[in-house]
Amino acid sequence: MYSKLMKRSVSLVICAAILLASTVCFNFTAFAAEDDSEEFPQAAKISVNTEFGNGITLLKEDGYVNAQIEITDTDGSVLSDSVQFKVRGNTTGLSWMQKKPFTFKFKTKKNVLGMGSGKKWVLIANLFDPTLLRNYVAFDTAQKMGIEYTSNQRFVELWLDGSYRGCYTLYEPVQQGNDRVDIDIKSNGGKKDFLLEFENSRVEDDVTYIKCHGVRMIVSEPEEPNDEQLEYIESTLNDIFETMKNGTREEIEQKADIDSFAKFYVFNEFIKPFDFDSTSVFFYYKDGKLYAGPPWDYDVSACNSQDTQRSIRSNAIEGLFANDKNIYQFMCRHNWFYVDAERVYSENKKYIQDVYAEGGLMDRLRQRYGDIFDKNFGEAGWDITKAWINYQRRAAPTYGENFDFLKDWYKQRNEWLDGYFSDSVENVLIGDADGDGDINIMDATLVQELLANLVEDDGRIALRVCDTDAQLTIDDATNIQFYLAEIKTDADIGKAERRFMKDFINQK
């Protein structure tokens, strides 16, 4: 009897413990889900029915077709309206791509899913990305870094003419608008602000191209520039590029927003988009200055291309990537620009680290949207291992393997960037040629010996002594001597600055 009572008592204690543990676990799970819902709303649902029921077989060359759209948000609210609907994209819009991206356009501006008002909206398929996360991570990081006019985004599920098409990401397109890229393209006869897209070689009908200092651009806004507007844009760009190439920092600051270029540079050095030297790179001119951004198109980034000659640098964990591409080939000539980039990196490192941290952005996104990712490769039927284009990286057979690969690549890339910026930028005392923290006659002597080829320099002596864009000359030794003799000069001898050491600039 005693034994049975003891067993019954033990059983009751165990049951009570299990019940308590279950209650605690349930409450924790509910709390976590609640936190996720505040950061990431559940995927919305979009249903599109085309006029002739042929949405699945639409091709890019078909252009816009009439359709009805129904957008259901997570709170149950529904936006239902008629739209123009078409296949979009360059590579992603090719005829053999089965899961195509789309553009839909309302007759009047609509606020879609709380993302601002606009007529035109974009559904990105993420077909080339087996994690479905590269675009989302890129845009989320860009927004946190404060890159102006970065598009809002929402994960959605798409039904097209009754057929489930899987997981898409809804974006605002890169275009002029109060809730988009807020530039004035109408004042002064359209000779004020403009939006450009770097396009290295592709040729399309009804697109306006210009070429300045060897850089080829699409004029995105104004959409159909007249000859006078085109001449204005070309002359403005030529002037800016010439100043970027040969001007001082002060002169460049008058014509380009250096902070936006530094942010966009660091962002692209981390993300490493395959197409950064060919297409989908935007710049805009506003109120007399050229700005870098906003970001666009990152499904083939972060080592998501095959190891061909073109993709070696975009896939590599180590090495600089964006410094010799598009307009950055001009901006990155200057030592001081790397100091600005280092500052931006330091200010935003916490956001970059959060991408791959345990419990960080990627983990939170997977926890929130893992079910619709599974449906994309299950119910919708998209093959996670299929390489849809010849330069796409061959995916691993499971979602988890692809997720872990991307997470680890981001981690290793950031660790290299962290070391690169930490080792490359130093506090210097201008005139302190030997870097011992003191300015004396030995510094002037060292400069003279260097000019006489009696000692070798890795770039540091010159950078410690003279202006960041100037060459070392006998004047530098003379200015040090004047400083020591307390004779006034125009040189900055004795001034403390952070400078980017020249011997790191040529790293690729």
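**Close-up views of a predicted model**

**Figure 1. Strands β4 and β5 and the barrel to which they belong.** Strand β4 (residues 102-111) and strand β5 (residues 117-124) run antiparallel and are joined by six bridges. Within this pairing, K105 has K120 in β5 as its bridge partner. In this predicted model, both strands are part of a closed barrel of seven strands, whose order is β1-β2-β3-β4-β5-β7-β6 and whose pairing is mixed. From one strand to the next, the twist averages 35°. Helix α2 (residues 134-145) packs on the sheet, where it touches β5, β6 (153-160) and β7 (163-171). The direction of helix α2 makes about 150° with that of β6.

**Figure 2. The contact of helix α6 with helix α11.** Helix α6 spans residues 258-271 and helix α11 spans residues 399-424. Their axes come within 9 Å and cross at roughly 130°. That angle makes α6 oblique to α11. On the α6 side, the residues of the contact are E269, F270 and I271; on the α11 side, they are W409, Y410, R413, N414 and L417. By character, the residues of this contact comprise five nonpolar, one polar and two charged.

**Figure 3. A buried salt bridge between helices α10 and α11.** D363 and K407 form a salt bridge in which the closest N and O atoms are 2.9 Å apart. D363 belongs to helix α10 (residues 361-377) and K407 to helix α11, so the salt bridge ties together parts of the chain that are 44 residues apart in sequence. Are these two residues buried or exposed? Both D363 and K407 are buried.

**Figure 4. A salt bridge between two loops.** The closest N and O atoms of D287 and K192 are 3.9 Å apart, and the two residues form a salt bridge. D287 is found in the loop between β11 (281-286) and β12 (289-292), whereas K192 is found in the loop between α3 and β8 (194-198). The pair thus links distant parts of the chain, 95 residues apart. The two partners are described by their relative accessibility: D287 counts as exposed at 55%, and K192 counts as partly exposed at 30%.

**Figure 5. The salt bridge of K495 with E497, and a network of salt bridges.** The structure holds 35 salt bridges. In one of them, the side chains of K495 and E497 meet at 3.4 Å, N to O. K495 is partly exposed, with a relative accessible area of 41%. E497 is likewise partly exposed, with a relative accessible area of 23%. Elsewhere, R249, E253, D259, K263, D340, R343 and E347 are joined into one network by salt bridges that share partners.

**Figure 6. N188 in helix α3.** Helix α3 covers residues 187-190 and includes N188. N188 has a relative accessible area of 59% and is therefore exposed, the cut-off for this class being over 50%. How far apart are the C-alpha atoms of N188 and G435? The separation of these two C-alpha atoms is 53 Å, and the residues lie 247 residues apart along the chain.

Methods
Residues numbered from 1 in each chain as written. Predicted model: local features only at pLDDT ≥ 70, side-chain atom pairs only at ≥ 80, totals over all residues. Heavy atoms only, no water. Helix = DSSP H or I, 4+ residues; strand = E, 2+ residues; numbered from the N terminus. Buried < 20%, exposed > 50% of the residue type's maximum accessible area, 1.4 Å probe, protein only. Pairing = 2+ DSSP bridges. Axes fitted to C-alpha atoms, helices over the stretch in contact; angles between N-to-C directions. Contact = heavy atoms within 4.5 Å. Parallel < 35°, antiparallel > 145°, perpendicular 65-115°, else oblique. Nonpolar A, V, L, I, M, F, W, Y, C, P; charged D, E, K, R; others polar. Salt bridge = Lys/Arg side-chain N within 4 Å of Asp/Glu carboxyl O.
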